[in-house]
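Student: Could you help me understand where the labels for a structure come from? I'd like to see each one set against its definition.

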Amino acid sequence: MQLGKFASTEAFNPTYNRIQELGLQQHVVELDSYGFTVIPPQKVAPPAFLERMRDTVLRLCEERTGIEFDVAKNGGFGNYQAQPQRDGQFLLFYLLMADRIFEEWVLNPTLYTMIDYLMRGQQQLSSLTSFVKWRAERDGLGLHSDSPPDRDGHLPACSDVANAAYCLTDYTLANGAICMVPGSHLHCRQPSPGEGEADAVPVEGEAGSLIVWHGNTWHGAFEKQTDGLRLNVTSYHCNRRIKTQESYQWRVTQAMLDRNPPEFARLVAADDTMGWDAEGPDYSRTMKYASPADKKRFGARMGSRRAAA
Ligand SMILES: O=C(O)CCC(=O)C(=O)O
Ligand SMILES: [Fe+2]
């Protein structure tokens, strides 16, 4: 029997087929079962891309701090003051607007397909950041879920947000790997302080790996005990009905939209009319960048209106 062509799952079929083409079947099972997966470099991007990405992030570290960065040496803050800062760690923000390589990255087929699967096509980019870490002591693992909870700390069973770390250096226990509590995405709540620490496992992978996790999964990080940097690019996505961390919808330039496919426009919500002013909504962007499934739905709606008139 051939799956992937059912009429009743028309919008999902392309995602299903891309999972097969990219050899991601095992990874979607791991994501569903354990709440996270590690995709090896050969299924993510060529070594030359990894190198270009690492060089770009190091250059941005230097530009934003005003001091030199070398992957083999510990970092420093220099003039950089963006929050949150803790011993041995800062974040670089708004990377999508910092270099064209990040436009390429958010459309990476493996990243895109995993997030598309987890979020049933409803994803938008919430933030694109880099966690820059070096040797420092830390207390506890800092376990948390990335999904915003309701006032009682509850989370929906679906992935309201989905996250993925592209490792630019090796992730090992000693290098301060991210940690996860396997199966914790099914609890549908944030952990209470200290809860889950005994069950947390280091998520290890060589540079070039992509770690993808469900928005509910309890995760944190181990202390970095070695010299040198731990670097990543963290691609945080949220459902289209949720506010994004970084501001893209009206700030991404027309040149960025023009040089990328419609999937890019949808990732930055350029097809979303929300947030209008006295001029009212502009539906032309919606029509220009809508997904094939949405276009079909709009077409059917307009057709039935015309028929009713
Ligand atoms: O690797 C880490 O330090 C954890 C980062 C984290 O919590 C996140 O990216 O959501
Ligand atoms: Fe997190």
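Student: Leaving aside its neighbours within four places in sequence, which residues is His237 in contact with?
Tutor: They are Ile115, Met119, Gln123, Gln124, Leu125, Ser126, Val161 and Ala162. Two residues are in contact if their C-beta atoms, placed from the backbone, lie within 7 Å, so each residue in that list meets this limit with His237. Keep in mind that this is a predicted model: local features need pLDDT of at least 70, side-chain atom pairs count only at pLDDT 80 or more, and totals for chains, interfaces and linings use all residues. Residues are numbered from 1 along each chain as its sequence is written, while chains are lettered from A and ligands numbered from 1 in the order in which they are written.

Student: Does His237 count as buried or exposed, and why?
Tutor: A residue is buried if 20 or more other C-beta atoms, placed from the backbone, lie within 10 Å of its own, exposed if 12 or fewer do, and partly exposed in between. His237 has 30 C-beta neighbours inside 10 Å, so it counts as buried.

Student: Where does His237 lie?
Tutor: His237 lies in strand β9. A strand is a DSSP run of E with at least two residues, a helix is a run of H or I with at least four, and both are numbered from the N terminus.

Student: Why is β9 called largely enclosed?
Tutor: Eight of its 10 residues are buried, so the rest of the structure largely encloses β9. For helix α5 (109–118), the count is nine of 10 buried residues, so α5 is largely enclosed too. Among those buried residues of α5 are Leu111, Met114 and Ile115.

Student: How many bridges make β4 a partner of β9?
Tutor: Strands pair if DSSP finds at least two bridges between them. Strand β4 (residues 161–167) and β9 have seven, in the antiparallel sense, so they pass. One of the matched positions is Ala162, whose bridge partner in β9 is His237. Asn163 is 74 residues from His237 in sequence, but the two are 6.1 Å apart in space, C-alpha to C-alpha.

Student: How many bridges join β3 to β9?
Tutor: Eight, and these two strands run antiparallel. Here Gln123 stands opposite Asn239 in β9.

Student: In what order do the strands form the sheet?
Tutor: Six strands form an open sheet in the order β1-β7-β4-β9-β3-β2, with antiparallel pairing. β1 (36–39) and β2 stand at the edges with a single partner strand each, so one side of each has no neighbour in the sheet. Neighbouring strands are turned by 20° against each other on average, direction ignored. At one edge, β1 joins β7 (residues 210–214) over four bridges, and Phe36 has Trp213 as its bridge partner in β7. Helix α2 (residues 25–34) packs on the sheet, touching β1 and β7, and its direction makes about 155° with that of β1. Such angles run from 0 to 180 degrees between N-to-C directions, and the axes are lines fitted to C-alpha atoms, for helices over the stretch in contact.

Student: How do you know how the reach of α3 compares with what is expected?
Tutor: The expected span is 1.5 Å times one less than the number of residues. Helix α3 (residues 47–65) has 19 residues and reaches 27 Å from its first C-alpha to its last, close to the 27 Å expected.

Student: What makes the phi of Tyr94 worth pointing out?
Tutor: Most residues other than glycine have a negative phi, and most peptide bonds are trans. Tyr94 has a positive phi of about 55° although it is not a glycine. Arg120, again not a glycine, has a positive phi of about 50°. A cis peptide bond runs from Gln83 to Pro84, with omega near -10°.

Student: Why is Tyr94 called partly exposed?
Tutor: It has 16 other C-beta atoms within 10 Å, which falls between the two cut-offs and is therefore partly exposed. Arg120 has 13, so the label partly exposed fits there as well.
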